[in-house]
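Okay, thanks for coming, everyone. I'd like to walk you through a structure that's new to this group, so let me put it up on the screen.

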Amino acid sequence: MMILSRRLALLGASAALFSARAGFAQQPQQRPTPPQIAPGPHSLPDLPYGLDANEAAIDARTMELHHRFHHAAYVNNLNNALREHEAFGRMPLDELLMNLSRVPENVRTAIRNNGGGHANHTMFWEIMGGRGGEPTGRLLEAINRDLGGMGEFRNRFNQACMSVFGSGWGFVTVAQSGQLAIATKPNQDTPIMDGQRALMGNDVWEHAYYLRYQNRRQEYVNNWWNVLNWEKIGERFTAATEGRLRV
């Protein structure tokens, strides 16, 4: 009788635990709230298209997390770092990043990381939202001249993105002369820090692709070409040759 009572007690406890777990599982999961951005000179730019505009390469949920959380955090941290440094806060972002050696040492790393992240992502959103294909006009001429044509360019750029160890970016830099080159940068560094301009670039941090691709960076890099907006990239090329391209 005692054994039977113990078994009944155990069954009752198990049923209660199962019921509690089931009730927990049925609770709706709350979506996290994007970070509040500290007041300051920099703000999060709106996406120029819907979150699902890049589904051919990047899912809408990744776009939401990437823009509203990751990019927002960079802007927030940058404004916080500049809070007590008004002179640097008044600088345009590109000028600030080109003069990191002048920034006080106690905030230099924060401004480098978060200012670079802000610049890189502002560019990143701008050049997507398209349907891929190929550029035309002077930009295509420059690609043929400097990067061996579209096929060779794509291969070299993809290899550059795949060569980034850990987190970083693959870039195409553009000089005011129109000269193009491929470069990579770690973390959130940007060619602007070297006095150069980024025509375009692909973010190969895992947060840029992990929900859909997990560890398959190569697949993401290949698909990314399908959402490029070559008209916008062409506008950036023209702005660079006229000295108007900022980030």
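Let me jump straight in at helix 2, which covers residues 60–81: Glu64 and Arg68 sit four residues apart there, so about one helical turn separates them. Their side chains meet in a salt bridge, with 3.1 Å from N to O. Before I go on, please keep in mind that what you're looking at is a predicted model.

So, is Glu64 buried or exposed? It counts as buried, because its relative accessibility is 12%. Arg68, on the other hand, is partly exposed, with a relative accessible area of 36%. And the pair has company: Arg61 joins Glu64 and Arg68 in a network of salt bridges.

Now let's step back to the overall picture. The protein has 247 residues, and 45% of them count as buried. Its secondary structure comes to ten helices and three strands. If you read along the sequence, the pattern goes α-α-α-α-α-α-α-β-β-β-α-α-α. Take the contacts between residues at least 6 apart in sequence: 72% of those join residues at least 24 apart. As for the surface, the protein exposes about 13,200 Å², and carbon and sulfur atoms supply 50% of that.

On to the sheet. What is the order of its strands? It's 2-1-3, in an open sheet of three strands with antiparallel pairing. The edges are strand 2, at 180–186, and strand 3, at 197–203, each of which pairs on one side only. From one strand to the next, the twist averages 25°. Then there's helix 10, residues 230–241, which packs on this sheet and touches strand 1, strand 2 and strand 3. The direction of helix 10 makes about 150° with that of strand 3.

A quick reminder for anyone who doesn't look at sheets every day: strands pair through backbone hydrogen bonds, either parallel or antiparallel.

Let's look at strand 1, residues 168–174. Seven bridges join it to strand 2, and the two run antiparallel. If you want to find that pairing on the screen, Trp169 stands opposite Lys185 in strand 2, and Val174 has Leu180 as its bridge partner there. Strand 1 and strand 2 form a hairpin with five residues between them. In the turn, Gly178 has a positive phi of about 95°. Towards strand 3, the pairing is antiparallel too, over six bridges. Here, Thr173 has Ala198 as its bridge partner.

How many residues of strand 1 are buried? Seven of its seven, so the strand is mostly covered, going by the cut-off of under 20% relative accessible area. In a regular strand, side chains alternate between the two faces of the sheet. And in strand 1, Gly168, Gly170, Val172 and Val174 point one way, while Trp169, Phe171 and Thr173 point the other way.

That takes us to the inside of the protein. The largest nonpolar core has 43 residues, and those with the most contacts inside it are Phe153, Leu180, Met200, Tyr220, Trp224 and Trp230. Several elements give two or more residues to this core, including helix 5, helix 7, strand 1 and strand 3. Helix 10, the one on the sheet, gives the most, with five residues. In general, nonpolar side chains tend to be buried together in soluble globular proteins.

Let me zoom in on Phe153. Leaving out residues up to four places away in sequence, Phe153 touches Ile143, Leu147, Val172, Ile182, Met200, Trp225 and Trp230. Apart from this core lies another one, of 15 residues, among them Leu78, Leu93, Leu100 and Ile192.

Last topic, back to salt bridges. A search of the whole structure finds 13 of them. Have a look at Arg197 and Asp94, whose side chains meet at 3.0 Å, N to O. This pair links distant parts of the chain, because Arg197 is in strand 3 and Asp94 is in helix 4, 103 residues apart. Arg197 is buried, at 15% relative accessible area, and Asp94 counts as buried as well, at 5%.

Compare that with Glu242 and Arg244, where the closest N and O atoms of the salt bridge are 2.8 Å apart. Glu242 is partly exposed, with a relative accessible area of 47%, and Arg244 counts as partly exposed at 48%.

That's my tour. Thanks for listening!

Conventions. Residues are numbered from 1 along each chain as its sequence is written. This is a predicted model: local features need pLDDT of at least 70, side-chain atom pairs count only at pLDDT 80 or more; totals for chains, interfaces and linings use all residues. Side-chain values use heavy atoms; hydrogens and water are left out. Buried means under 20% relative accessible area, exposed over 50%, partly exposed in between (1.4 Å probe, protein chains only). Contact means heavy atoms within 4.5 Å. Accessible areas come from the Shrake-Rupley method with a 1.4 Å probe; for residues, only the protein chains shown count as cover. Two strands pair if DSSP finds at least two bridges between them. Axes are lines fitted to C-alpha atoms, for helices over the stretch in contact, and angles run from 0 to 180 degrees between N-to-C directions. A salt bridge is a side-chain nitrogen of Lys or Arg within 4 Å of a carboxyl oxygen of Asp or Glu. A nonpolar core is a set of buried Ala, Val, Leu, Ile, Met, Phe, Trp, Tyr and Cys residues joined through side-chain atoms within 4.5 Å.
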